[in-house]
Structures are given as structure tokens and as C-alpha cells.
Amino acid sequence: MSASNENEPEGPPPSDESVDDAIETRRSGRRFFLKSTTVLGAAAIVGCGDDASSGAGATTTPSGPTPAAHPSTHIAPGELDTYYGFWSGGQSGEIRILGVPSMRELKRIAVFNRDSATGHGQTDWSKQVLGGRGAGDTHHVHLSYTDGTYDGRYIFVNDKVHGRLARVRIDVMETDAIVDIPHSQGTHGIFPQRHRTGLVLCNSEFRTPIPNDGTNLTDPSQYAAMHTAIDGETMEVKWQVMVEGNMDLCATDYQGKYSFATCYNSEGGVTLEQMMSAERDHLYVFNLANIQRAVDEGRTIRVGRTDVPVIDARGDNSEFVLRVPVPKSPHGVNMDPTGRYAVVSGKLSPTCSVIDVEKLEDAFAGRIQPRDCVVAEPEVGLGPLHTAYDGRGNAYTSIFLDSIVTKWNIAKAIEAYGGADVDPILDRIDVHYQIGHINASMSETREADGKWLVGLCKFSKDRFLNVGPLKPENDQLIDISGDRMELVHDGPTYSEPHDAVIVRADLIHPTSIQNREAARFRLYEQWAQEDGVDLMRESKIIRKGPRSVRVYMTSRAPNFAITEITVKTGDEVQIIVTNQDQVEDLSHGLTVSKHDVQFIVNANDTNSATFTAGAPGVYWYYCPWFCHAMHLEMRGRLIVEPR
Ligand code: CUK
Ligand code: CUA
């Protein structure tokens, strides 16, 4: 927290206006649904925009400076942000790093996508881990933990398209491992354990036949979904728990005892109407110790062709899964920084449900009903999705249909649920528009510090210059350091950041040149050993067979060690490039003209790609990264002879 003290906002002068008055001001001129019990159907979701004139930030902040002049977000040229923001890249399949509070995009990390700049998806190693697949849909980015806060080691992220979990090494900010999750479609919510780098829990959003091998094609009542545990260190699938309902978002506690999944389709429906029909759905609570004991004792089944132990926990509550009834089609589940309360957002109910984690043991033992674990259910607005925290006992819930953020107090919500005449709602602010995820600085840790909140709005409409039918999303930055929320920045982003976490800068320590510790270096070393080549120093063209050639080539600005490579048409050519430069920020790379080959080789790095030599002719290969005054001259000829 000390890291960001110098950035303490000066803040607006205290307003005479009471919070209640301010809320009234914000209500005027726009639809206000809070006390409505109407539950909007799906049709309303499509047409729920507010008119722009009532939505501008300035009209909702009766006092305080204009957003542009707000002192706390300004990072002068040459100064550094105080937080890293790790953003999912949605359908781009990537992760993005932003600086907070400036909201400047600093980097993109290719994960499930093919990236022309780095060659991810096209280099030998990345092709191996991606298995030829280039579509990805990342929703949830979470960092590894030790003792309830970020330990700076790994980033985990889901892929909904193929049902995968990826890990990025923070030391070099590159994808390190990708795991296919068996028996899972639409892998959506993921969350690592928070007491140490232990399990990463992953939810299947879609129910499918299990095994999905064509034996059941027509009977949805037999569909099921998997809650999957992956070891965050080895990236091995440890076990799966099979449940009857689908699972949406995921969370873990701070002790390592439980994981959580929201289930919005307790109906087991396959159409929208069926999925929305029940008034209550569930929060699934998984008892990790009981699951591990059953796995150790072999009380598991095997499904399909995998060796992964599976626990069949479909049907009733058991030692493995507790189903806490919550209204209605719940979406987000977020653990508060004290570790005591899990807040579940209703989506089709105007409420959040607060679950007291300390009551779960009694509920698992059957001493109380699962529903008795709910200790508050404040009305927060229409379409609550996700909740963040400030470390001062307050929660901030994103409200999709109302396009607002609602700030509420957890203790007051519990008192009100117990019958006390208190209003837990402290503040509301308009956001623009249709907010999805929300997160606050360090909100998912014990060190939530209540400085910044980002709201990831699905629609930007009129907030930016029109760029055609696909408009940017709007990631809005809100100052939550005072009693009142202040909107301070509109951040356009490319599709479609579902979630982001904001991490104190002093917890993240990447290297400046490649440290060669990632898994892929074992591959290059193995090849070099086979061929008796010193990877860091030697350059060599080796004919491996009648139709295959391997090239080891070093680079040092502004030269490749080899400027002529002669092969025959149809040869399979592998080029392994090692960058000898040890200079910070000095990347080279390799592009082979007309051969769909382009990849980066950072300082002290090695990278490689394999391609088939084309028609006879001369093809220039070159360094694609501007590395030196003579960068354009950093090239050589691939000479393809007739066979
Ligand atoms: S989900 Cu997108 S707004 Cu994939 Cu976390 Cu809630
Ligand atoms: Cu090396 Cu450009």
C-alpha cells in the first residue's frame, strides 16, 4: 500500500450535500428501478440503454472537479503507474496489461490466439501447446496467491472456446502452459486457491453428455458439468466433480477449505425459457478436503478415456457439494477481503446474497439448512453481476440493466436482513453503459486498499468517436477513496475484457531480458544436445534427412550469423534463432518472406519455427523488429533450389 501513497488523490472538497440527496439527484432524469421487484426478461436486456444526455458523468457528480482535471489519475510523462491491471482480452484470446490509474495499455500477452507480432501460435513451441487451435475466449484472469495476496509468480486464464486453462509466467510475461480440461465445454469461471499456489478450480458452463462420445445425443436430463481442479504448479488435472447443474463463476475461500460456483440453470434446461423458469438457483459449495479424501481412498469413477478421477456428486447435497439456494440465475460470486463473506449476484433478481463462510461447516454437517448460510440479501439494483471491495467493509456491485455501480455496506446489510431499520446502500454512480465485471485495487486479496475501481462496460455507444458497427468497450475508472464514488476516466478497449484485476506494482517483478527458465527452453536445449550444437554461440545448417533441414542461427544487432540458407523445394525447414544481445529492450526476430513465418526473439531469448520451402527461387528473410540503425539491412537469403 505504501507504493501508492504518493499517488493519494487530493479529492474533491467535501460536499454539503448528503449522500441521500446525491442519490436522489442521480435518480432524477433517468429510469430508477431499485425498488422495483420487476424482473426483466431477456428481451429487456437487449434494449436497456439509457439516453445519453442523462448518462454523462458530469451530470451525476454535483460537486468535485471535472474528470479531465482530476489530479489523481494523471501520470506525467516518464512517471510510472502505481498498479498493474491484468485484463482479459475476451474473444481476442489474449491477456492485456494496463497501467492503473493512467489506464495506458502496456502490453498484450498472446495466450490462446495466433499473434503475428510475437509468433505465438506459429512458433514450434506454441504450436505444440495450442495444438493447432487459434480461437480463444478469455474471461477470467487471476494471479497466483500466497497467504491471501498475490505472490507475483503466475497468471491463470480460462479459454471458453476449447475448455482450457493457461498459465502465464509473470517473470517474463509469456504463456507457459495450456491444459485441456477433460469433459468440459465452455470452461468459464476459474479461481486459484488463495492460501498458497495450490489448486486452480475451473467451472464448465455448459452441461453435456459425459462422456460426450455420441452414446447420448438426445437426452438432456443426463447432461452434467464438471468442477475441475488443476494443480497450479504442475498444471496437471487432479480431479473432477460431476454435478447436475451448469456452473458459471468461480471463487475460492482464503483458507483452502472451499471453492464456489454459481449455478444459473438448476432447471437443467436447454432453452432460454427453461433456464430462467425457477425462482431460485444455487451457489454450489465444494468441500475440498472431503473431495481430496475420496480421491485418495479411490472412491471415484473413471469417465471416458481419461485417467482423471471423477466424483459423481449429482443430485442431493453430500459431503462433497452443498447447494445453497439463491435467487435467481446468479452470476458473480466474490469473496470479501476478510474471507468471511461470499457475495453472490442475482442477475435476474435485484439482490445480492451474502453467504457466511463460517456457517458452511454446520451446513455440511446437516446441523443447519444450506439456506441458513445466507445472512443478508440487500436490494442493489436490476441485473447485479459482480462485486468488488474496498477493504473498509464496503462492497461495490456492478448493475448491468441499470448501468450503475451500487456501493453498499456489508455489516449494515446483515443488520437489515436481521430486521434492523438501516439502509445498507451508501452510494450509486452511473456508468456508460451496461457494466459487466467490476474490480477494485487488490480487491481479490486480503490487502484490498479501496483506491481504484474499474467497471468494464459492455457498450460505449456515444462515449467515443464513432468507429463503425463494432465500437470499443468502455473500461471506466472510478475513484473510491472517498465516501462518494467519482468517475475519473473513460477507457476504450477492444473486444471484450470480461474481467480485470488491479495489483499493487510492488508485487510484480518481471525480468528485463529473457531468463531462459520457461518450459520451452528445455525443448531447444534438447534439440541442440541431439545435434551437438552450442545454442548460445554456434550457427549451423544441418541436413537432418532427405527432406528436412535444421538451422541454428544466432543474432546480434544488426546481423544474423548466417546470411545464406540453401535448401530444396519441399524441404521441411526449421530455423532456431538465438539472440545474443543482452541489452534491455533489444528484440530481434525472424520473418521469412512468402512463407508465413514471423516471430520475435527477445534479448537473451531463443525461438523457432518450422515451414515447408516453397517454389524454387530466392526469398529474403529479415529481422522484423526495429533494433538498430542498420535494422533494415539485418537480413539474408533463403535460396530454394529445384529438387
Ligand atoms: S462473465 Cu463476462 S460479465 Cu465471463 Cu465473468 Cu460476468
Ligand atoms: Cu534485428 Cu531488426
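## A walk from the pocket to the sheet

Start with β3: this strand gives the most to the lining of the largest pocket, with 5 residues. You're looking at a predicted model, so keep that in mind as you click around.

Select β3 as residues 104-110. The other elements that give two or more residues to the lining are α5 (124-130), β7 and α10 (520-531), so colour those too. The pocket they help line has a volume of about 1200 Å³.

Now zoom in on the middle. Show K107, V172, M173, I600 and N602 as sticks: of the 39 lining residues, these are the closest to the pocket's centre. What sort of residues make up the lining? Colour by type and you'll get 18 nonpolar, 12 polar and 9 charged.

Next, colour by domain. Domain 1 covers 1-142 + 423-510 and domain 2 covers 519-641; each of them supplies at least three residues to the lining.

From the pocket, follow β7, one of the lining elements, into its sheet. Select the 4 strands of this open sheet, which run in the order β4-β5-β6-β7 with antiparallel pairing. Which strands stand at the edges? They are β4 (141-146) and β7 (174-180), and each has a single partner strand, so one side of each is left without a neighbour in the sheet. Turn the view to look across the strands: the twist averages 30 degrees from one strand to the next.

Last stop: select β6 (residues 164-169) together with β7. The two run antiparallel and are joined by 6 bridges. For a spot to label, pick A166, which stands opposite I178 in β7.

Methods. Residues numbered from 1 in each chain as written. Chains lettered and ligands numbered in written order. Predicted model: local features only at pLDDT ≥ 70, side-chain atom pairs only at ≥ 80, totals over all residues. Heavy atoms only, no water. Pairing = 2+ DSSP bridges. Axes fitted to C-alpha atoms, helices over the stretch in contact; angles between N-to-C directions. 1 Å grid on protein atoms, 1.4 Å probe; cavity = no way out; pocket = protein on both sides within 12 Å on 5 of 7 lines; lining within 4 Å. Points joined across faces, edges and corners; volume = space filled by probe spheres on them. Nonpolar A, V, L, I, M, F, W, Y, C, P; charged D, E, K, R; others polar. Domains from an automatic or database assignment.
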